[in-house]
Amino acid sequence: MRNFTSTQAELGENPLLGVTPIEQVRLDTYCRDEITKTLRGLQEIYRNKVLLKEIQDVLSELVPKGTFWNDGRKGMDLWVIFVLGTLRLSCNWDYDKLKSCYDYHRKIREICGVDLFCDADTVTGRQTIHDNVSLFTKKIANEISKIVVAFSHELLFPEERELHSRCDSFVFETNVHFPTDLNLLKDSVRKVLSIGGRLASSLKIARWREVKSQQKKFHSLYNKLSKMRHSNSKKEELQEKRRLEIEELIKDYLSVAQAHLLKAKTLQNSLEEECPELQINIDYTDLFINQISRRVLNGETILPDEKVYSIFEPHTEWICKGKAGVRQELGVKVCVVEDQFGFILDHRIMKGEQDKDVAVEMVRKSKELYPGLTSMSFDKGFYSKMDKDGQNNQSRIEALEVRAHLPVKGRRNKAAQERESKEAFVIARKQHPAVESAINALESHGFDRCPDKGTPHFERYAAMAISASNIHHLGAIIMAREIKALRRKSKSA
C-alpha cells in the first residue's frame, strides 16, 4: 500500500497532533546551508497545488508493478521518497548520512511529515531508505526536472519569455580504481573464482572448495608483481636481467590465470543453463590475458578502442581534457545546458562522443523542451568544419531558429570576424564562463563521482543530480528574495 502523503490534511482528516503542515514549516531565511535551501525549494513545490499534482502523477510511476495503492503492508510515502532522493543528491550524501539526517534532523522530518509527537524516537532502516530511493528512474527524474524548471520560470521570472543559454561539458567520474591490465586481470579472476565457487557449491561440483585460498594466492602473486621495477642501472646486463625476471613473473601470473580460466570454462560448459555473469567475467579474463601477452611478451601497443578500464563500470572512459594538474579522468563526459537564470535545462551523457558531435542535438532537445529558447553559447570545442553539403554546426543550429554563439576554431576569416564582433555575440561570450560556475555547483550536488554501480544506475544518478540541483537553486532564489524583502521592511520601519 502506498500514499503520497499519509500525515497531511489533504486526505480529508485532521492533522495528527505532532505533525506540522508542510506549508507552515518554518525555515531560517538567513541560513546558507544547502539543506535549508533544498527544503525551501521542496516546500515551495508543495505549496503550489497544481505543480504538486503534476509531481504526484510522475511519482506514481515509482510504485512497483503488482503493488496496490490501498491494499497490503504500508510502504514509504512517495513524498518522503521524493524528499530523501532530492536531499541525497543535493547534499551529495551517501545512504548512511541520509539515514542519520532523516532520523535526527528536525526540519527534514517536518518537511517529510513525520509525527514528532508519537514517532519522535522512530528510526528507519538504511536498507529501507536505499530500496525506496532506488525506485527512481532516469525518466522520472528528467520529467521532474522539466516540471520544476518550467514552474520556476513562471513563478520567478514571469516577464522573461526568451531563454538565453550556455552549453559546456565536463567529466562525471565513475567510482573505479586506477586501471592497469594487471590489476584488471586480478579483478576478473577474483570474480570468476567467486561466481564459479558459488555455482559449484549450489550444484555440489568438486574442485571448487578452495576458492578463497586460490584468490589469496593469486592476489599475493599480483602484489609481488606490482612491486617489481625495471632496473635503473647503467649496465645493460643488469637491465636485461631484471627485464627477464619481470617477464618470468608475468608468465607465471598468466599461467595461473589461464588455469583458473580453463576451470571456469569447464564449469560453464557443464551447466544446463549458461550463467551470463560468469560468462562476462570469463570473457574479461580471456581479454586481459591476451592483452598482457601481446603488450609484455610480444611488444605490441594496445589500441585505445580495445581497452577496458573497469570490469565493474564498463562504461568508464579514459579522458584527457588538458586541465592544469589533471592528467586524466576516469568517467564519462556529460554535456549540460544552463539558462540565464542558473537552471539546468538539459543534459546528455556523451558515451564515446566529443563536444562537436553533440552540439546540434543539445540545441534540438533543449528547443523541444523549452520552445522559448532563442540563443545558446558554446566554446571552440563545439565547432565543426564544413561537411560535403556545405554545412557545419553553426548553420545547423541556426536552422533550428536558435542563435549559435559559437566561436571558430583556428584562424578566423573575414565573415567569422564580422560575426564574432557583433554586440550580441560579444555579450554572450562574456557571459559564457558562468557555465563553469554551474558545473562546479553540480559537482557539489552529486555530480562529482557516481557511487552507484552499473550503467543504468549511472544514468539515473546523473538525472537525479540535475533535478536536485534545480530544486536547490529554486529554494536559493526564493530565500534570497525573502531576505531582500525583510531588509526593505526593516529599513522602512
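A crossing of two helices is called left-handed if the near helix is turned anticlockwise from the far one by less than a right angle. Keep that in mind for the first stop on this tour of a predicted model.

**Stop 1: α8 and α11**

Start by selecting α8 and α11. Their axes come within 9 Å and cross at roughly 150°. Angles over 145 degrees count as roughly antiparallel, and α8 and α11 are therefore roughly antiparallel to each other. Turn the view until one helix lies in front of the other, and you can check that α8 passes α11 in a left-handed crossing.

Now show the side chains in this contact. On α8, the residues to pick include Asp 181, Leu 182, Leu 185, Val 189, Val 192 and Leu 199. Facing them on α11 are, among others, Glu 277, Tyr 284, Phe 288, Ile 292 and Arg 295. Colour the contact by class and you will find 13 nonpolar, four polar and five charged residues.

**Stop 2: α8 again, now with α10**

Keep α8 and add α10. Here the axes come within 10 Å and cross at roughly 35°. This crossing, of α8 past α10, is left-handed too. From α8, select Leu 182, Leu 185, Lys 186, Val 189, Val 192, Leu 193, Gly 196 and Leu 199; they meet Tyr 253, Leu 254, Ala 257, His 260, Ala 264 and Leu 267 of α10. By class, this contact has eleven nonpolar, two polar and one charged residue.

**Stop 3: the largest pocket**

Leave those helices on screen and turn on a pocket surface. How much space lies in the largest pocket? About 630 Å³. To find its centre, select Thr 180, Asp 181, Leu 182, Arg 295 and Val 296, the closest to it of the 24 lining residues. Two or more residues of the lining come from each of α8 (181–203), α9 (211–226), α10 (236–270) and α11 (276–297). The lining is made of 15 nonpolar, four polar and five charged residues.

**Stop 4: the second largest pocket**

Next, move to the second largest pocket, with a volume of about 460 Å³. Which of its 20 lining residues are the closest to its centre? Lys 74, Tyr 102, Val 114, Asp 119 and Thr 124. Highlight α4 (95–104), α5 (106–112) and α6 (126–133) as well, since each gives at least two residues to this lining. Its classes come to six nonpolar, eight polar and six charged.

**Stop 5: α3 across α6**

Hold on to α6 and bring in α3. The two axes come within 9 Å, crossing at roughly 95°. That makes α3 roughly perpendicular to α6. Zoom in on the contact: Ile 81, Leu 84 and Gly 85 belong to α3, while Ile 129, Asn 132 and Val 133 belong to α6. Four of these contact residues are nonpolar, two are polar and none is charged.

**Stop 6: the cavity**

Finish with α3 still selected. How many cavities of 30 Å³ or more does a search of the whole structure find? One. The volume of the largest cavity is about 50 Å³. To see what surrounds it, select Phe 82, Gly 85, Thr 86, Phe 136, Ala 141, Met 464, Ser 467 and Ala 468. The elements giving two or more residues to this lining are α3 (78–90) and α17 (455–492). Gly 85 may look familiar, as it lines the cavity and also takes part in the contact of α3 with α6. The cavity lining has five nonpolar and three polar residues, with no charged ones.

How values were computed: Residues numbered from 1 in each chain as written. Predicted model: local features only at pLDDT ≥ 70, side-chain atom pairs only at ≥ 80, totals over all residues. Heavy atoms only, no water. 1 Å grid on protein atoms, 1.4 Å probe; cavity = no way out; pocket = protein on both sides within 12 Å on 5 of 7 lines; lining within 4 Å. Points joined across faces, edges and corners; volume = space filled by probe spheres on them. Helix = DSSP H or I, 4+ residues; strand = E, 2+ residues; numbered from the N terminus. Nonpolar A, V, L, I, M, F, W, Y, C, P; charged D, E, K, R; others polar. Axes fitted to C-alpha atoms, helices over the stretch in contact; angles between N-to-C directions. Parallel < 35°, antiparallel > 145°, perpendicular 65-115°, else oblique. Contact = heavy atoms within 4.5 Å.
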